[in-house]
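Visitor: I'm new to looking at protein and DNA together. Could you walk me through this one?

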2 protein chains.
Amino acid sequence: MATPLPVVGEPRLDLPAPDVTDATALAALLADRTRAGILRMLADGPHCVCEMAAALGERDNNVSNHLARLRDAGLVRAIRHEANARFLYYERDEAAVAVARERLLAVLG
Amino acid sequence: MATPLPVVGEPRLDLPAPDVTDATALAALLADRTRAGILRMLADGPHCVCEMAAALGERDNNVSNHLARLRDAGLVRAIRHEANARFLYYERDEAAVAVARERLLAVLG
DNA sequence: ATGACATATCAGCCGTCCGTGTGATGTTCA
DNA sequence: TGAACATCACACGGACGGCTGATATGTCAT
């Protein structure tokens, strides 16, 4: 804690800019109802695209679009169903999600 | 934990939609470089608008705009400087920030 | 093989939000 | 009182992102 109460002197105009690029990128991913819903559903275990699309009331291709964003960010992973290979199940990468949590807490913490 | 591994049966199309409205609203606030920088700077103590604008390399009115968004969300609070009343200092509402953390962890947790 | 289903990818439209400019309000100091 | 400064409130232009529709790929059943 540097300055718990308002200062008495003059404003300091030479303060460094905090680096929040990681946090904003992650927040942008969470700032969408569909993507946040996906991440929340996958917290309880894997789900296929059609399941999540039905639950969220969105179309399959739309959900697939958002899953691609989450996949590019490394937050989720796709796995083929052994018995029924036409269903593509998604699961969370818990290690990556843990890193995401820390990066957000670097701003809100 | 409901289903740790991919299921063998058919997809369930009757799953409930998770409620993520609080989380997405908060994430939208964090998904901006200026707002995230403000919240990060205020974690170390109060700052006036001109200080944060200088540090973030943004104009005063722009920072003021974003502060209004954070103020409407209840995350920050404005306090007049006793000695120098022309400077308006902002501080975080730590209780509200704690609630914000929990709401985000409801999705990422 | 053919058709039906699940998912992926791409292009285009459209809404929303960010940054800016301007004027108004309030505070300090001469 | 008047000038300079800090902040706010509002409206405008542009860029970014989400939804959609069409098309493509791969899988299962008949």
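Guide: Sure! Let's begin with the surface near DNA strand C, where the top contributor gives 5 residues. That element belongs to chain B, and its name is α4(B).

Visitor: Before we go on, what kind of model is this?

Guide: Good thing to ask early on. Keep it in mind as we go: the model is predicted.

Visitor: Which elements each supply at least two residues of the surface near DNA strand C?

Guide: Both protein chains join in here. Chain B brings α4 (60–72) to that surface. From chain A come α3 (49–56), α4 (60–72) and β3 (88–92).

Visitor: Which residues come nearest to DNA strand C?

Guide: There are 21 residues around that strand, so we need to pick from a crowd, counting a residue as near if one of its heavy atoms lies within 4 Å. By class, they divide into 7 nonpolar, 7 polar and 7 charged. The ones that come nearest are Ser64(A), Tyr90(A), Arg35(B), His66(B) and Arg69(B).

Visitor: How far is a polar side-chain atom of Tyr90(A) from a phosphate oxygen of DNA strand C?

Guide: Let's look at some neighbors too. Arg59(B) has a side-chain N or O atom 2.6 Å from a phosphate oxygen of this strand, and for a polar side-chain atom of Arg35(B) the distance is 2.5 Å. For Tyr90(A), the value is 2.5 Å.

Visitor: What share of the atoms of DNA strand C within 4 Å of the protein belongs to sugar or phosphate?

Guide: Split those atoms into two groups: bases on one side, sugar or phosphate on the other. The bases make up the rest once sugar or phosphate is counted, and the sugar or phosphate share is 79%.

Visitor: Now for DNA strand D: which element gives the largest share of the surface near it?

Guide: The candidates that each supply at least two residues are α4 of chain A together with α3, α4 and β3 of chain B. The surface has 8 nonpolar, 7 polar and 7 charged residues. With 5 residues, the largest share comes from α4(A).

Visitor: How far is a phosphate oxygen of DNA strand D from a side-chain N or O atom of Arg35(A)?

Guide: Arg35(A) is among the residues that come nearest to this strand. Backbone atoms reach phosphate oxygens as well: a polar one of Ala85(A) sits at 3.0 Å, and one of Val49(B) at 3.2 Å. For the side chain of Arg35(A), the distance is 2.4 Å.

Visitor: How are the two copies, chain A and chain B, related?

Guide: Chain B can be laid on chain A by a turn of 180° with a shift of 0.0 Å along the axis, and the RMSD is 0.1 Å. A half turn with no shift is the clue, so the copies are related as by a two-fold rotation axis.

Visitor: Which residue of chain B has the C-alpha nearest the axis?

Guide: We're after the C-alpha that lies 2.4 Å from the axis. It belongs to Ala27(B).

Visitor: How much area is buried between chain B and chain A?

Guide: In this interface, 56 residues of chain B are in contact with 56 residues of chain A. The copies meet through the same surface, because 100% of the interface residues of chain B are also interface residues in chain A. Carbon and sulfur atoms give 70% of the buried area, which comes to about 4,400 Å².

Visitor: How many salt bridges does the rule find across that interface?

Guide: Polar contacts do turn up, in 14 residue pairs. On the side of chain B that touches chain A, the residues divide into 37 nonpolar, 9 polar and 10 charged. The number of salt bridges found is 0.

Key. Residues numbered from 1 in each chain as written. Chains lettered and ligands numbered in written order. Predicted model: local features only at pLDDT ≥ 70, side-chain atom pairs only at ≥ 80, totals over all residues. Heavy atoms only, no water. Polar contact = N/O pair within 3.5 Å; in protein donor to acceptor, adjacent residues only side chain to side chain. Helix = DSSP H or I, 4+ residues; strand = E, 2+ residues; numbered from the N terminus. Nonpolar A, V, L, I, M, F, W, Y, C, P; charged D, E, K, R; others polar. Least-squares fit on C-alpha atoms with pLDDT ≥ 70 in both. Contact = heavy atoms within 4.5 Å. Buried area = accessible area lost by both parts, 1.4 Å probe. Salt bridge = Lys/Arg side-chain N within 4 Å of Asp/Glu carboxyl O.
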